[in-house]
Amino acid sequence: MHRLAHTGGTKALLHWLSVRSSTWTAIVDAAGAVLLACRQHFTRMAAELAVLGAAELTSRGVRSVVLDSGESIALIYALGVSSDADGPILVAIGDRPDTGLPTLLADAVVPLTLCWKADEAERERRRVELADARAREAVLHLLMTGQVPAAHQIASVLRPSLPDPLHVCVIEYPAGLRAGEAARLCAGTLGRRAWIIPCPVYSRHVIVLAPPAAASTGGHTGPLPLDITPSADGCFVGVSEEVPLGETAAGYAQAFHALAVARRRTDRYARFGTGSELALVARADGAVWAETLLAPLRAYTPGRPQDPDSHELTVTAQSWLNFGSRAARCLKVHRNTVAVRLRRIEELLELDLGTLPDQAALSLALRLTSAHQGHWPGPVPEAATNAPRSLDGVLAQPSIRQWAGHFLRPVTSAAAPAGAAETLRVWLDHDGQLKATAAALGISVPGARKRLVRLEAAFERSLLQAPSAQRDLWLARRSMELAPRKASALCGSAIGE
């Protein structure tokens, strides 16, 4: 009995008692409801005796009761300390038992009580762990949508405090390792220095918000040591640049792109550091255009209280642009709900989100307004009144053209792989759809995928998994198309018109 209590816990000990005594054995609460039973099916008489015995035990204030219904006998014992009136109760119901059964059950009370308390402590630990994970996920969601004050309000009761500035790290663990286990592995390495959140979208990913002070001393210039991942194959780390807390979404995208690079490196670790972010480059010139494009969405008021408001639609758009078909998992809603909200966004903004150009426009506008919040409160300053009012006007600015030229260098330089420019042009012209790209190139879908994987390595960006760089690539190509004739000719020879 004591060996079972140590190795098998409550369930194993209860099963042993049932087999040993040939009875239906269970643990019930003070109302007679079954908490744990070794057999799934039991008679109505057994259920009635369990309820009656529990009530009798509670009302009389005793530690054990025997009830005889004429057909069955129920032996009822209180578990726990004598002051625990609402504690669990052991019930054994069967035909006329042998005379040694009361002694056997009485001897089992102490080990069963200890097992039950240990199991209850473990269940409570899991509940606390789940609540903590959900709270951290909520904070991450608020940060990803730019709601920093609300994130601070929830995070104030958790530890450590939110780092600002921070590095966002995405850690990919091998298949078979649950996100909760992976998060505990991270916690064992980082301790209380960083925020560790199981990714709500990708089950094999853990997201870490790490302060710059947590820099590695193991040969990597990053916030995480290499040994944050187990030695097993299939573990990779992508790390963002140092970003402000309000730019967590941009940091996550950077870390996700770095993860795509890390998968091809022997040390399984990569930092993002391949040029400026478009939203930062276009902030000054694109803010007016972005606000104009999004004005109908910002001003939207739903006709019914239960319909999504402007903020919910904006968050849905951001999640869909970041995670595609996985947005429903991120938002904790049905995929049909996401589809309905996207149709409403299309109607308000007069966009077709099935096309890459309109996706790119919405993506840039949302990033510009997110980055812009807090910099220009109220009316637009006089200096910005001459800012471009169209997307082409924004993309034609010299600073954007310079960014685009640098961004597209992997396919425009003389060292570009053969066929890379053509693959990119066709892929962008077909809205990033793999099957349509393969058909246009006259190759198989796996062949097209392999070409895009090679482009991922060249651009050091994720292209096939969301968040993808495909919209920034479209914007970069469009910017080069709007360039003066010399630059445009170079663009045409490299990526096509």
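1. Let me start with a pairing you can find quickly in this predicted model: H167 has A210 as its bridge partner in β8. That pair belongs to a ladder of six bridges between β6 (residues 167-172) and β8 (residues 205-210), and the two strands run antiparallel. If you are viewing the backbone, recall that strands of a sheet pair through backbone hydrogen bonds, in either a parallel or an antiparallel sense.

2. Now widen the view to the sheet around that ladder. Five strands make up an open sheet, ordered β7-β8-β6-β9-β10, with mixed pairing. At its edges are β7 (195-198) and β10 (269-271), each of which pairs on one side only. On average, neighbouring strands here are turned by 15 degrees against each other, with direction ignored.

3. Two helices are worth viewing together with this sheet. Helix α4 (residues 101-144) lies across β7 and β8, and runs at about 95 degrees to β7. Helix α7 (residues 248-262) also packs on the sheet, where it touches β6, β8, β9 (236-239) and β10. The direction of α7 makes about 40 degrees with that of β6.

4. What span should the 44 residues of α4 have, and does the end-to-end distance agree or disagree? At 1.5 Å a residue the expected span is 64 Å, and the end C-alpha atoms of α4 are 61 Å apart, so the two agree. There is still a bend to look at: α4 turns by about 35 degrees at V109, with a proline, P111, following within four residues. After the helix comes G146, which has a positive phi near 80 degrees.

5. Strand β4 deserves a point of its own. Is β4 (residues 73-78) mostly covered or mostly open? It is mostly covered, with six of its six residues buried. The cover extends to both faces: I73, L75 and Y77 are buried on one side, and A74, I76 and A78 are buried on the other.

6. The partners of β4 are easy to trace from I76. Strand β3 (residues 64-68) pairs with β4 in the antiparallel sense over five bridges, and V65 is the residue opposite I76. Strand β5 (residues 89-94) pairs with β4 over six bridges, also antiparallel. In β5, I76 has V91 as its bridge partner.

7. Next, some backbone geometry you may want to check by eye. Most peptide bonds are trans, and most residues other than glycine have a negative phi. Which peptide bond involving P165 is cis? The one that joins D164 to P165, with omega of about 5 degrees; P165 sits in the loop between α5 (148-155) and β6. A cis bond also runs from A466 to P467, with omega near 5 degrees, and P467 is in the loop between α19 (445-459) and α20 (470-481).

8. Finally, two positive phi values outside glycine. K332 has phi near 60 degrees and lies in the loop between α11 (327-331) and α12 (335-349). Is K332 buried or exposed? Its relative accessibility is 52%, and exposed means over 50%, so K332 counts as exposed. D431, which is not a glycine either, has a positive phi of about 55 degrees, and its place is the loop between α17 (420-429) and α18 (434-441).

Terms used
Residues are numbered from 1 along each chain as its sequence is written. This is a predicted model: local features need pLDDT of at least 70, side-chain atom pairs count only at pLDDT 80 or more; totals for chains, interfaces and linings use all residues. Side-chain values use heavy atoms; hydrogens and water are left out. Buried means under 20% relative accessible area, exposed over 50%, partly exposed in between (1.4 Å probe, protein chains only). Two strands pair if DSSP finds at least two bridges between them. Axes are lines fitted to C-alpha atoms, for helices over the stretch in contact, and angles run from 0 to 180 degrees between N-to-C directions. Contact means heavy atoms within 4.5 Å. The expected span of a helix is 1.5 Å times one less than its number of residues. The bend at a residue is the angle between axes fitted to the seven residues ending there and the seven starting there.
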